[in-house]
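Here are some exercises to work through with the model open in your viewer. Try each task before you read its solution.

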Amino acid sequence: MAKPSSQSSIEDICKQIHGSLENPSLLVRVFASQLTLCECQKTREKYMEMYGEDLHECLQNKIHGQTSRTHEVLSLMVLNPHERDAIMAKNAIFKKTGGVNYKVLIEIYVGRKSSHLFLIQQAYQSKFRRHLDQDIMSIEPPHSYQKILMALGASQKAHSADASVHIGKCDAQRLFQSRGFKIDEGVVLEILSKRSIPQLKLTLSIYKHIYGQSYTKHLENEYGGEFEDALQFVVKFLSNPPKYYAKTLEAIIKGRTKDEGSLESIIVSQSETHTNKVREYYKNLYGVDLIEDILESFPHGDFRDLLVALTMKSNIDS
C-alpha cells in the first residue's frame, strides 16, 4: 500500500480531497489506497490547518443520495477512535427511532481498553458538553443494561493488575452459587464492577473448565428475563468479540438484521483492531471469506470498494 512519506505528501492529499468532495470515487482511491487510518486522522488535522474546515464535517455534509454510505465511512475514518466511539455512544443513547441501542454501548464498554474508555468519556464531554455515564443513568424507561453498563464503567476506572487465577476461581464459584430461581443480580453486578475485562474473561474460562459448561449456556438453559438476557449478551461479547462481530456482519450482509450504520462502524473500528480474527471466524462459521460475501452482496461501486479495502487492511494500524 502506498503511504505518504512526508508532511508535504499529506498536504498534497489534502489538496486532492479539497477539490474532490463531490467525487466519491477519487476519495475512495485516496483514503483506501494511500492512507492508513492513523494517517487519515493526521490528514484531518492538516486539512483544518490548511482550509480552516473540519474534514469530518465536510464529509458528513455530503451524505446524501447514493453516495451517502461511502461518505459515511470516509467521515468515520478521519475520526480518532475515541471521538468516533463518543459519537457512536451519543447516537446509541439518543436514537430518533427504536429506542436506545444498548448493544453499541456494550461494544464500547466491553470492547475497549480501560484507558481508552476514559478517553472516550473525555471526548464525549468535550464534544457534547455532557457526561456519558450520566446520560446512561438518565435513560428512560430504566433497563437492566443500565445496571450492567454502570458496573462495567466502574470496573474500568482502576484495574491495571494482571488477571489472577485465584480471583477467577473464587468469582466463578460465586457465579455458580448465585444461580437459583433467578440470577442474583447483586453478586453479578459486584463482580462486573470490581474486575477488569481480562479478569472477567479469565473467570469465564475458569467457570467453563470447572463446571463443564459455559456461563452463557447456564443462562440460556435456566433463565429468561430482562437482566438474564442482557447479561447473556454481555458475556457472549466479552468472551469473544471477533466471533460476535463475525456473526453480526454476516446477519447484516445477508439482510437478516437492520443495518442503521452498524456495518460501516464495525468495518472501520475492526480494521484498527481485529480484522484478521473477524475474517478467520467468519470463514470458520460460514465457509466463505468475509470479502467474498461483501463482493457478492453489494453492487459494484465506491461503497463496496471501500468496504473491501478496509477489510483487507490486516490491522496495519493497530
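**Exercise 1. Work out how the lining of the second largest pocket divides by residue class, and which elements supply it.**

Step 1. This is a predicted model, and the residues lining its second largest pocket divide into 7 nonpolar, 8 polar and 5 charged.

Step 2. The space in this pocket comes to about 660 Å³. Its lining has 20 residues, and the closest to the pocket centre are Asn91, Ala92, Lys95, Glu260 and Gly261.

Step 3. Now go to the elements: α4 (55-60), α5 (68-77), α6 (81-93) and α17 each give at least two residues to this lining. The most comes from α6, with 5 residues.

**Exercise 2. Describe the overall build of the protein: how many helices and strands are there?**

Step 1. The count is 20 helices and 0 strands.

Step 2. Set the radius of gyration against the globule rule: the value is 21 Å, close to the 20 Å that the rule gives for 318 residues, so the protein is as compact as a globular protein of that length.

Step 3. Along the principal axes, the C-alpha atoms fill a box of roughly 65 × 45 × 40 Å.

Step 4. Look at burial and contacts. Of the 318 residues, 50% count as buried. Take the contacts between residues at least 6 apart in sequence: 70% of them join residues at least 24 apart.

**Exercise 3. Find the cavities of 30 Å³ or more and characterise their linings: how many are there?**

Step 1. Rolling a probe the size of a water molecule over the atoms shows where empty space is left. A search of the whole structure gives 2 such cavities.

Step 2. Start with the largest cavity, which has a volume of about 110 Å³. The elements giving two or more residues to its lining are α12 (185-194), α13 (197-211) and α15 (226-239). Its lining residues include Leu175, Val188, Tyr215 and Leu238.

Step 3. Sort that lining by class: 10 residues are nonpolar, 1 is polar and none is charged.

Step 4. Turn to the second largest cavity, with about 60 Å³ of space. Here α17 (262-270), α18 (275-286) and α20 (302-311) each supply at least two lining residues. Among the lining residues are Leu249, Gln270, Arg279 and Thr311. By class, this lining has 6 nonpolar, 4 polar and 1 charged residues.

**Exercise 4. Decide whether aspartate 135 is buried or exposed, then identify what surrounds it.**

Step 1. Place the residue: aspartate 135 sits in helix α9 (residues 132-137).

Step 2. Its relative accessibility is 9%; because buried means under 20%, aspartate 135 counts as buried.

Step 3. List the neighbours. Leaving out residues up to four places away in sequence, aspartate 135 touches Ile93, Phe94, Tyr124 and Arg130. With arginine 130, the side chain of aspartate 135 makes a polar contact of 2.8 Å.

**Exercise 5. Examine the backbone on either side of α9: what is the phi of arginine 129, and which peptide bond is cis?**

Step 1. Recall the background: most residues other than glycine have a negative phi, and most peptide bonds are trans.

Step 2. Arginine 129, in the loop between α8 (114-128) and α9, has a positive phi of about 55° although it is not a glycine. Its relative accessibility of 67% makes arginine 129 exposed.

Step 3. The cis bond joins glutamate 140 and proline 141, with omega about -5°. Proline 141 belongs to the loop between α9 and α10 (144-155).

Technical notes
Residues numbered from 1 in each chain as written. Predicted model: local features only at pLDDT ≥ 70, side-chain atom pairs only at ≥ 80, totals over all residues. Heavy atoms only, no water. 1 Å grid on protein atoms, 1.4 Å probe; cavity = no way out; pocket = protein on both sides within 12 Å on 5 of 7 lines; lining within 4 Å. Points joined across faces, edges and corners; volume = space filled by probe spheres on them. Helix = DSSP H or I, 4+ residues; strand = E, 2+ residues; numbered from the N terminus. Nonpolar A, V, L, I, M, F, W, Y, C, P; charged D, E, K, R; others polar. Buried < 20%, exposed > 50% of the residue type's maximum accessible area, 1.4 Å probe, protein only. Polar contact = N/O pair within 3.5 Å; in protein donor to acceptor, adjacent residues only side chain to side chain. Contact = heavy atoms within 4.5 Å. Rg over C-alpha atoms; globule rule 2.2 N^0.38 Å.
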